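This report goes through a single model, taking up a loop, a strand residue, two pairs of helices and the surroundings of a ligand.

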Amino acid sequence: MFKNSHSVVKYYFDEFICEGDRVADATAGGGSDTLSLKLRVGQSGFVYSFDIQNEALIKTEKKLNENGITDGYKLIFDSHSNMDKHISEKLKAVVFNLGYLPGGDHSIHTKPDTTITAVEKSLDLISEDGFVIITIYHGGDSGFEERDRLLEYLQNLDNKKYNVLLYNFINKPNCPPMVAVITNEEFLRRKQLGKI
Ligand SMILES: C[S@@+](CC[C@H](N)C(=O)[O-])C[C@H]1O[C@@H](n2cnc3c(N)ncnc32)[C@H](O)[C@@H]1O
């Protein structure tokens, strides 16, 4: 059962990310997701981690190093909307945690256009059994616009190609974060038919 957005994301990490997987954290921030991903993919796996703030990448590197991790990852100082320039292999998962860096400059945050471009590119990068998971913070200065634009984009994804599931705690106050998960519809269909 899911208490909040964190427990949803944790479930997907625990259930579907395995030793040896190649994954990307599209929003490194304080590094918690990058660390969780790296702990799951292990020594043989690899994590690409993006942020537009050097401060976030420094925090992320520190977190990894404090946990004894010194390789098997790449911190990328660039927008996730350029992820195709940095990654040329299939990924098991791309993880987004939208919004601003906690404890950082709140005026620097994810934005609808770059987020949607990055999600689009993520869908090209994931393997057929892969997924894209997005924690959507809404509220604040621009969160509603980003939420609305992103949800509109997700609702219009080709339903023959993609399956989009939205977790939304609809009876909770103060706009708790939602989680959207995008998977490959064709892969799920073949799996259901026992062809995989
Ligand atoms: C909510 S924080 C991420 C939290 C992080 N996943 C964690 O575990 O701590 C959002 C991060 O996205 C970054 N960001 C904003 N726009 C971005 C972009 N276009 N490309 C990559 N990162 C971006 C911000 O700088 C911020 O550090």
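## The loop between β6 and β7

Asn174 is placed in the loop that runs between β6 (162–167) and β7 (178–184). In this model, which is predicted, the phi angle of Asn174 is near 65°, a positive value in a residue other than glycine. Asn174 is exposed, because 5 other C-beta atoms lie within 10 Å, and the cut-off for an exposed residue is 12 or fewer. Cys175 also lies in the loop between β6 and β7, and it has a positive phi of about 50° although it is not a glycine. With 15 C-beta neighbours inside 10 Å, however, Cys175 counts as partly exposed.

Tyr167 belongs to strand β6 and counts as partly exposed, with 19 C-beta neighbours inside 10 Å; the count at which a residue is taken as buried is 20 or more. Leaving aside residues up to four places away in sequence, Tyr167 touches Phe2, Val8, Met178 and Val179. Between the C-alpha atoms of Tyr167 and Val181, which are 14 residues apart along the chain, the separation is 8.4 Å.

## Two helix pairs

The two pairs are set side by side here, and their contacts are described below.

| Helix pair | Axis distance | Crossing angle |
|---|---|---|
| α5 (112–125) and α6 (143–155) | within 9 Å | roughly 30° |
| α2 and α3 | 9 Å | about 35° |

The axes of α5 and α6 cross at roughly 30°, and therefore α5 is roughly parallel to α6, since angles under 35 degrees are counted in that way. In passing α6, α5 makes a right-handed crossing. On the side of α5 the contact involves Pro112, Thr115 and Ile116, which meet Glu145, Glu146, Arg149, Leu150 and Tyr153 in α6. Sorted by class, this contact of α5 with α6 has four nonpolar, one polar and three charged residues.

For the other pair, α2 and α3 pack at an angle of about 35°, with their axes 9 Å apart, and α2 passes α3 in a right-handed crossing. Thr34, Leu35 and Lys38 of α2 make the contact with Thr60, Lys63 and Leu64 of α3. By class, the contact of α2 with α3 has two nonpolar, two polar and two charged residues. An α-helix has 3.6 residues a turn, so residues three or four places apart point the same way.

## Helix α2 and its cover

The buried residues of α2 are Asp33, Thr34, Leu35, Leu37, Lys38 and Val41, a list in which charged side chains such as Asp33 and Lys38 appear beside nonpolar ones such as Leu35 and Val41. The elements covering these buried residues include the helices α1 (5–16) and α3 (54–66), together with the strands β1 (22–25), β2, β3 (73–77) and β4 (91–97). After α2 comes Gly42, whose phi is positive, near 70°.

## The surroundings of the ligand

Which elements each supply at least two residues of the shell around the ligand? They are α2 (32–41) and β2 (46–51), and both elements also enter the account of the buried residues of α2, β2 being part of what covers them. In total, 22 residues surround the ligand, and the closest are Thr27, Gly29, Gly30, Ser32 and Leu101. By class, the shell around the ligand has six nonpolar, 14 polar and two charged residues.

How values were computed. Residues are numbered from 1 along each chain as its sequence is written. This is a predicted model: local features need pLDDT of at least 70, side-chain atom pairs count only at pLDDT 80 or more; totals for chains, interfaces and linings use all residues. A residue is near a molecule or strand if its C-beta atom, placed from the backbone, lies within 6 Å of it. Helices (H or I, at least four residues) and strands (E, at least two) are DSSP runs, numbered from the N terminus. Axes are lines fitted to C-alpha atoms, for helices over the stretch in contact, and angles run from 0 to 180 degrees between N-to-C directions. Angles under 35 degrees count as roughly parallel, over 145 as roughly antiparallel, 65 to 115 as roughly perpendicular and the rest as oblique. A crossing is left-handed if the near helix is turned anticlockwise from the far one by less than a right angle, and right-handed if clockwise. Two residues are in contact if their C-beta atoms, placed from the backbone, lie within 7 Å.
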